Amino acid sequence: MFGRVSGKRLLGCSLLGLALSATSALAAYPEKPISLIVPFPAGSGTDAVGRIFAESISKQLGQPVIVENKPGANATIAANYVAKAKPDGYTLFVTTNTSHSAAPWLMKNVAYDPVKDFTPIARGGNLPFLLVTNPNKPYKTLAELIAFAKANPGKVTYASGNSTGIVAGATLGVAAGLDLLHVPYKGTPQALTDLIGEQVDFMFTDFTSGMPFVTSNRLRAMAVSTAKRSTLVPDLPSMEEAGVDHFDINSWNGYFGPAGMSPEIVKTLNTAINNVVNDPDTKARLAKLGFDAFSGSPEDFSKFVQEQYVLWGKLIKDANITPQ
């Protein structure tokens, strides 16, 4: 009898010890540097914004947040990497609609499920897009670009460095009845370089990457990609105002981890991200990059991601884009 009671007590103590150890491990998070994976090259809008978030999160959590760029294949290289990582909170993913809304529709073989293989942590905000061209081109407005493209079928090229650029360019072609030639790039910086060098004719680029070239007169902005004007560039017309009806394409930004992350770690990270967007100085710093920062709960972000997956599927089908 005595031995049996002691065995039960020993088992109870062992289970209690394991529970306390697990609780202690969660309470101590993070105990080492965190990797923040960016699916686009250094110098891209997502990279610039992600580094500001990383800096703030690092200060809040007391551990370095190290940005790692893994560009290529419509952000699927980075997405695959994160999906296969340990769900311990030390590998995070700052990404956009490219990996989670568009790539599964643009590509025939995507090795991850954008919903099942990730843990939604928090929304980061929106990254507005601009339609830009080289100032040396003979067209100064969207209407003039459309007229030029109609007069030169199959000869006008548009570059892209991400899914938003791909879909926006194809959508413009369908909406305006144009025969355009798509030139894809691994990332936005390379595409902008060739646009400035007049190797391509126009592109849709994120505000963060493109606006410095617009203000320095190396590129000309024609419109914003949304249905309404942006407060960031209030003098620039929307696509609808510029002459293309029912055109409304935007790029969202958010934070994920691999599937199976603990709710406690998710809560810690969600709080840190919300603190970033709620800090007036950081929000103003992000606004200078053309980033509209806001966040919310993991639950709201999860619902949003699922809705965007359906929406981008429709956008891509309506633009007559064939999966590659």
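Which residues does Thr 157 touch, not counting residues up to four places away in sequence? In this predicted model, Thr 157 touches Leu 181, Val 183, Gln 199, Val 200, Asp 201 and Phe 202. Thr 157 itself is found in strand E6, which covers residues 157-160. Because its relative accessible area is 11%, and buried means under 20%, Thr 157 counts as buried. Another distance helps to place this residue: Thr 157 and Gly 169 are twelve residues apart in sequence, and their C-alpha atoms are 9.5 Å apart in space.

From this one residue we can step back to the whole chain. The chain holds eleven helices and eleven strands, and its C-alpha trace spans about 95 × 40 × 30 Å along its principal axes. Of its 324 residues, 51% count as buried. If one takes the contacts between residues at least 6 apart in sequence, 77% of them join residues that are at least 24 apart. The chain exposes about 14900 Å², and carbon and sulfur atoms supply 55% of that area. As for charge, there are 28 positive and 26 negative side chains, with the centres of the two sets lying 7 Å apart.

Helix H8, residues 207-215, shows how one element packs against others. Its buried residues are Phe 207, Thr 208, Ser 209, Gly 210, Met 211 and Val 214, and these pack against helices H2 (45-61) and H7 (188-196) as well as strands E4, E5 (129-133), E8 (202-206) and E9 (220-224). After H8 comes Asn 217, whose phi is positive, near 65°.

The model also contains spaces between its atoms. The largest pocket has a volume of about 440 Å³, and 22 residues line it, with Asp 248, Ile 249, Asn 250, Leu 311 and Leu 315 lying nearest its centre. Four elements give two or more residues to this lining, namely strand E4 (118-127), helix H6 (163-176), strand E10 (251-258) and helix H11 (298-318). The largest share of the lining, seven residues, comes from H11. Besides pockets, the structure holds two cavities of 30 Å³ or more. The largest cavity contains about 90 Å³ of space, and of the 16 residues that line this cavity, Phe 40, Thr 46, Phe 129, Asn 162 and Asp 206 are the closest to its centre.

Some details of the backbone complete the picture. Most residues other than glycine have a negative phi, and most peptide bonds are trans. Against that background, the bond that joins Tyr 29 and Pro 30 is a cis peptide bond, with omega about -5°, and Pro 30 is found in the loop between helix H1 (2-28) and strand E1 (34-38). Ala 75, although it is not a glycine, has a positive phi of about 70°, and its place is in the loop between strand E2 (65-69) and helix H3 (76-83). Glu 198, also a residue other than glycine, has a positive phi near 65° and lies in the loop between H7 and E8.

Which of these words, buried or partly exposed, applies to Ala 75, and which to Glu 198? Ala 75 is buried, since its relative accessible area is 2%, whereas Glu 198 counts as partly exposed, because its relative accessibility is 37%.

Conventions:
Residues are numbered from 1 along each chain as its sequence is written. This is a predicted model: local features need pLDDT of at least 70, side-chain atom pairs count only at pLDDT 80 or more; totals for chains, interfaces and linings use all residues. Side-chain values use heavy atoms; hydrogens and water are left out. Buried means under 20% relative accessible area, exposed over 50%, partly exposed in between (1.4 Å probe, protein chains only). Contact means heavy atoms within 4.5 Å. Accessible areas come from the Shrake-Rupley method with a 1.4 Å probe; for residues, only the protein chains shown count as cover. Lys and Arg count as positive and Asp and Glu as negative; His and the chain ends are not counted. The place of a charge is taken as NZ of Lys, CZ of Arg, CG of Asp or CD of Glu. On a 1 Å grid over the protein atoms alone, a cavity is a set of points where a 1.4 Å probe fits but cannot get out, and a pocket is an open set with protein on both sides within 12 Å along at least five of seven lines; lining residues have an atom within 4 Å of a point. Grid points are joined across faces, edges and corners, and a volume is the space filled by probe spheres set on the points.
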